[in-house]
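Here are some notes to read alongside the model. Have it open and follow the points in order.

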Amino acid sequence: MARGTSEDIWFEAVDSRTRYITPKAGVLLAIVGDKPVGYDGCSSASFVARNISLETLKKGAFICAKTTQGRIAEFSYDDLYARNPANPDVLTLAITCKVWEY
């Protein structure tokens, strides 16, 4: 959901065990389950303005996001992996995202 130089969500790694999907710039998030809910489902989701712990989030979970401009997006948490096996503490967050234009 990033446009230009701004970012809407951030993969925050506090330490080697504490990692979050963190909303930025007033974005709200809602975990909606293990199946996509589409625009209508995301539009009616119960959004909150706090981060989501990857420790408790299951792979395959779907999350909706809402920007301060009212844009709606849905993304899935696909994986958390080390791109470089020689440096296993540096992880990459893989998501699949769909954004609806209005």
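1. Start with strand 3 (residues 28-33) and strand 5, which pair in the antiparallel sense over five bridges. To find your place in that pairing, look for Ala-30, which stands opposite Cys-64 in strand 5. Bear in mind throughout that this is a predicted model.

2. Strand 5 has a second partner to look at: strand 5 and strand 6 (residues 72-82) also pair in the antiparallel sense, over five bridges. A handy marker here is Ile-63, which stands opposite Phe-75 in strand 6. Strand 5 and strand 6 form a hairpin, with five residues between them. In that turn, check Gly-70, which has a positive phi of about 90 degrees.

3. How many of the five residues of strand 5 are buried? Four of them are, so strand 5 is largely enclosed by the rest of the structure.

4. Now pick out Lys-66, which has its place in strand 5 (residues 62-66). Is Lys-66 buried or partly exposed? Lys-66 is partly exposed, because its relative accessible area is 31%, and buried would mean under 20%. Setting aside neighbours within four places in sequence, Lys-66 is in contact with Gly-26, Val-27, Leu-28, Phe-47, Arg-71 and Ile-72. Try a distance as well: the C-alpha atoms of Lys-66 and Ala-30 are separated by 8.8 Å, with the two residues 36 apart along the chain.

5. Phe-47, one of those contacts of Lys-66, deserves a point of its own. You'll find Phe-47 in the loop between helix 1 (38-43) and strand 4 (52-53). Although it sits in a loop, Phe-47 is buried, at a relative accessible area of 18%. What does Phe-47 touch, not counting residues up to four places away in sequence? The list is Leu-28, Leu-29, Ala-30, Cys-42, Cys-64, Ala-65, Lys-66 and Ile-72. For another distance, take Asp-8: 39 residues separate it from Phe-47 along the chain, and their C-alpha atoms are 14 Å apart.

6. Next, look at the open sheet formed by three strands in the order 1-2-4, with antiparallel pairing. Which are its edge strands? They are strand 1 (9-13) and strand 4, each of which pairs on one side only. As a general reminder, strands of a sheet pair through backbone hydrogen bonds, either parallel or antiparallel.

7. Within that sheet, five bridges join strand 1 to strand 2 (residues 19-23), and the two run antiparallel. They make a hairpin with five residues between them. Two pairs help you line them up: Trp-10 stands opposite Thr-22, and Ile-9 has Pro-23 as its bridge partner in strand 2.

8. Stepping back to the whole chain, there are one helix and seven strands, and from the N terminus on the elements run β-β-β-α-β-β-β-β. The chain is as compact as a globular protein of its length, because its radius of gyration of 14 Å is close to the 13 Å that the globule rule gives for 102 residues. Its C-alpha atoms fill a box of roughly 45 × 30 × 20 Å along the principal axes.

9. Some overall figures to finish. Of the 102 residues, 28% count as buried. The accessible surface comes to about 6,400 Å², with 49% of that belonging to carbon and sulfur atoms. Among contacts with a separation of 6 or more, 50% are between residues 24 or more positions apart. As for charge, the chain has 12 positive and 12 negative side chains, and the centres of the two sets lie 2 Å apart.

Terms used: Residues are numbered from 1 along each chain as its sequence is written. This is a predicted model: local features need pLDDT of at least 70, side-chain atom pairs count only at pLDDT 80 or more; totals for chains, interfaces and linings use all residues. Side-chain values use heavy atoms; hydrogens and water are left out. Helices (H or I, at least four residues) and strands (E, at least two) are DSSP runs, numbered from the N terminus. The radius of gyration is taken over C-alpha atoms; the globule rule is 2.2 Å times the number of residues to the power 0.38. Buried means under 20% relative accessible area, exposed over 50%, partly exposed in between (1.4 Å probe, protein chains only). Contact means heavy atoms within 4.5 Å. Accessible areas come from the Shrake-Rupley method with a 1.4 Å probe; for residues, only the protein chains shown count as cover. Lys and Arg count as positive and Asp and Glu as negative; His and the chain ends are not counted. The place of a charge is taken as NZ of Lys, CZ of Arg, CG of Asp or CD of Glu. Two strands pair if DSSP finds at least two bridges between them.
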